[in-house]
Amino acid sequence: MRGTGAAALVALLALVIAVPAATASGLADHVHLFAGTEPGHDTFGGGHNFPGATVPFGMVQWSPDTTPADKNGEGYDYRDNHVSGFSLTHLSGAGCGLYGDFPFLPSTEPITSSPADPGSAALDGKFQPGFSHGEESARPGYYSMRLNPVRGAGIDTELTATTRTGMGRFTFPHNPHSSVLINAGGSAQPDDFAGVEINPDGNEISGVASSGLFCGQRPRYKVYFSAVFNRPFGAYGTWTRKALEPGSTAASDSQKPESNPRETAQTGAYATFDTTKNRVVLVRVGVSFVSVANARANLAAESHGAGFGTIASHAQQRWNQALGRIRVSGGSARNTGTFYTALYHAFVAPRTFNDVGGEYIGMDGHVHDADGHTQYADISGWDTYRTQVQLLSILMPDRASDLVRSMLADADQSGCLPRWPYANGQSMTMVGDPADAIIASASAFGARAFNRGAALAAMVRGATQPCESPNGGFVERQGLSQYEALGFLPYDIDAKTRNANSIYGNPDSVWASAGTTLEYATDDFSIAQFAARSQHDRSAYGQFMRRSANWHNLFNPASGQIEPRYSDGSFVPGYNNLRGAGFAEGNSIQYTWMVPHDPAGLFASMGGRAKAADRL
């Protein structure tokens, strides 16, 4: 969806009012689920969104994965015209691909050989049906697509979801060998292990996948599913790589994608149905990051007995209630759609990570109990600390409080507050220490149901003591000793000075030394404000307010810009403010304005308010 004029959106936002959720029916109709599903001219140019079925902060996001472009990072590319499957998990809006676990694919293709495509997570091309956008629709909590197989008539696929489960309705043509294939090794990133089991007496297929490597990071996760069909199997079987085993009830495969990223575990299962008379096959699917047993428990708790229409209607009601936290009026239909589409995406993540009984896998690899709160995962801290956290804290303070409690649990289990965790792993993706800003902002904007004393202790510990997590080689504040000694991160340790193609992931260096210095200064300001306002800790306030002024150390009077600086105090000679290194996904001219906690000080350094205004 194309952007709209800033003036129009300002006028629209001026009319935002809060109303009871009971008056919010129909708001989901304004959401355009295909917004942000077509990439731009480069890898990071698209919205990286998925159009499938989910509920607010859902564990399950059942959505199509398309081919051949496969550049959107979330499996769905609006430019594509074929489908490789409908996977149960996705990650909204991220710049790197992840999840895409357990693609389901209805098919009328006779299964006479393994559907695996050698050297790929996808299935053989004959199992990748075409589709057109004219036969595709989506609304919050519901998705449908007509598949056009290589051979045979069309197959209608409909998906809906609860928090931890999904339900699929497949309407096949009149056919004696209609099948549903489940590609257990089909995750978006290579799987080092995948396995399936078939229980024909219970009409069930279950399985496990182990994946990871988000943005090249080390942590891996395991996810499990249990799929129960509404009718007996006419035939069933499994495959492992190029070996097909009709009648088999179990299969598994393992690989080492860390040594060869093209290698992935290849295994899956299929169930075949005679749809010559009854064309409809229904399947209920439970997901868990703990075990198959917990996936079954999630399925029993959230889906048992409810029909497809009931679940889809309830999913839409949940979206109406969430979107109903804000009502707008006075704008055009297009602007209203833009507003509620953006609000929808603000409520897609983070992911509910604990099961219905409270269990989840912690960052120490052990099973923990959420103990009365929702444990969240996939907290894209660097991307959300300026915006989403504040909005969520105003509109849903209970959820925002649980978000903070989740981060504190991560710190208890791994030793460090997270930066960009996914599933139960610490990730060094992006820069800074955004947990500090998230916690302080959540508290300032209305989220108070968490242990603020424990939060301050974790924030101070991460800002003053080296913290390297045993989970994935994560370092909370890279270059901390230099930052404390010099008042900035020196360009000497910038990853770009060591390897021009390096970004992040090395605990001994820092990507974007100047940009990260600005991040740390903002984080220190957040600690100071939280210490004073929440805990009345004047000592911590003074200590971190002084550190929050470290941005001054990178302001180059000669250029009037924030620039990288060597450990000997010298600025980088001949520095290019447009294209020079030292910043994350931006340049010196853009980053110079990133002093949100001291604009008056920044303007003074620029020569006063008038000169700053002229530069703007």
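Here is a walk through some local features of this structure, from loops and rings to packed helices. Please keep in mind that the model is predicted.

Let's start in the loops, with two proline bonds. The peptide bond that runs from Thr-67 to Pro-68 is cis, and its omega is near 25 degrees. Pro-68 belongs to the loop between β1 and β2. A second cis bond joins Ala-349 to Pro-350, here with omega near 5 degrees. You will find Pro-350 in the loop between α4 and β17 (351–352).

Another proline worth a look is Pro-118, in the loop between β3 (104–107) and β4 (136–139). Is Pro-118 buried or exposed? Its relative accessible area is 53%, and because exposed means over 50%, Pro-118 counts as exposed. Even so, Pro-118 has partners from elsewhere in the chain: leaving aside residues up to four places away in sequence, Pro-118 touches Lys-242 and Gln-266. With Gln-266, the separation is 148 residues in sequence but 8.5 Å in space, C-alpha to C-alpha.

Gly-337 offers a helical setting, since this glycine sits in helix α4 (residues 333–346). With a relative accessible area of 1%, Gly-337 is buried. Try finding Asp-29 from there: the two residues are 308 residues apart along the chain, while their C-alpha atoms are separated by 8.5 Å.

Now for the aromatic rings. The structure holds 24 aromatic pairs. In one of them, the ring centres of Phe-34 and Tyr-78 are 6.0 Å apart and the ring planes stand at 65 degrees, so this pair is edge-to-face. Phe-34 comes from the loop between α1 (6–13) and β1 (63–67), and Tyr-78 from the loop between β1 and β2 (82–87), so the pair ties together parts that are 44 residues apart in sequence. Both partners are partly exposed: Phe-34 has a relative accessible area of 24%, and Tyr-78 has one of 30%.

Ring pairs also build a cluster, made up of Trp-62, Phe-102, Phe-104 and Phe-225. Within that group, Phe-102 deserves a closer look at its backbone. Its phi is near 60 degrees, a positive value in a residue other than glycine. Phe-102 lies in the loop between β2 and β3, and at 1% relative accessibility this residue is buried.

Rings can have charged neighbours too. The charged end of Arg-386 is placed over the ring of Trp-382, 5.7 Å from the ring centre. Likewise, the charged end of Arg-477 sits over the ring of Tyr-520, at 4.8 Å from the centre.

Next, let's turn to helix α8 (residues 435–444) and what surrounds it. How many of the residues of α8 are buried? The helix is mostly covered, with 9 of its 10 residues buried. Among them are Ala-435, Asp-436, Ile-438 and Ser-443. The buried residues of α8 pack against α5 (381–384), α6 (388–395), α7 (397–414), α9 and α12. Just after α8 comes Gly-446, with a positive phi of about 120 degrees. On the other side, the loop between α7 and α8 holds Ala-423. Ala-423 has a positive phi of about 50 degrees even though it is not a glycine, and at 6% relative accessibility Ala-423 counts as buried.

Finally, follow α9, one of the helices that α8 packs against. The axes of α9 and helix α12 (residues 513–535) come within 10 Å and cross at roughly 155 degrees. Angles over 145 degrees count as roughly antiparallel, so that is how α9 and α12 are arranged. The contact involves several residues on each side, including Leu-456, Met-459 and Val-460 of α9 and Ile-527, Phe-530 and Ala-531 of α12.

Helix α9 (residues 452–464) also meets helix α13 (residues 538–547): their axes come within 13 Å and cross at roughly 45 degrees. That angle makes α9 oblique to α13. Here Val-460, Ala-463 and Thr-464 of α9 meet Gln-543, Phe-544 and Arg-547 of α13. As for handedness, the crossing of α9 with α12 is left-handed, and the crossing of α9 with α13 is left-handed as well.

Conventions. Residues are numbered from 1 along each chain as its sequence is written. This is a predicted model: local features need pLDDT of at least 70, side-chain atom pairs count only at pLDDT 80 or more; totals for chains, interfaces and linings use all residues. Side-chain values use heavy atoms; hydrogens and water are left out. Helices (H or I, at least four residues) and strands (E, at least two) are DSSP runs, numbered from the N terminus. Buried means under 20% relative accessible area, exposed over 50%, partly exposed in between (1.4 Å probe, protein chains only). Contact means heavy atoms within 4.5 Å. Rings of Phe, Tyr and Trp (its six-membered ring) pair if their centres lie within 6.5 Å; planes under 30 degrees apart count as stacked, over 60 as edge-to-face and the rest as tilted. A charge sits over a ring if NZ of Lys or CZ of Arg is within 6 Å of the ring centre and within 35 degrees of the ring normal. Axes are lines fitted to C-alpha atoms, for helices over the stretch in contact, and angles run from 0 to 180 degrees between N-to-C directions. Angles under 35 degrees count as roughly parallel, over 145 as roughly antiparallel, 65 to 115 as roughly perpendicular and the rest as oblique. A crossing is left-handed if the near helix is turned anticlockwise from the far one by less than a right angle, and right-handed if clockwise.
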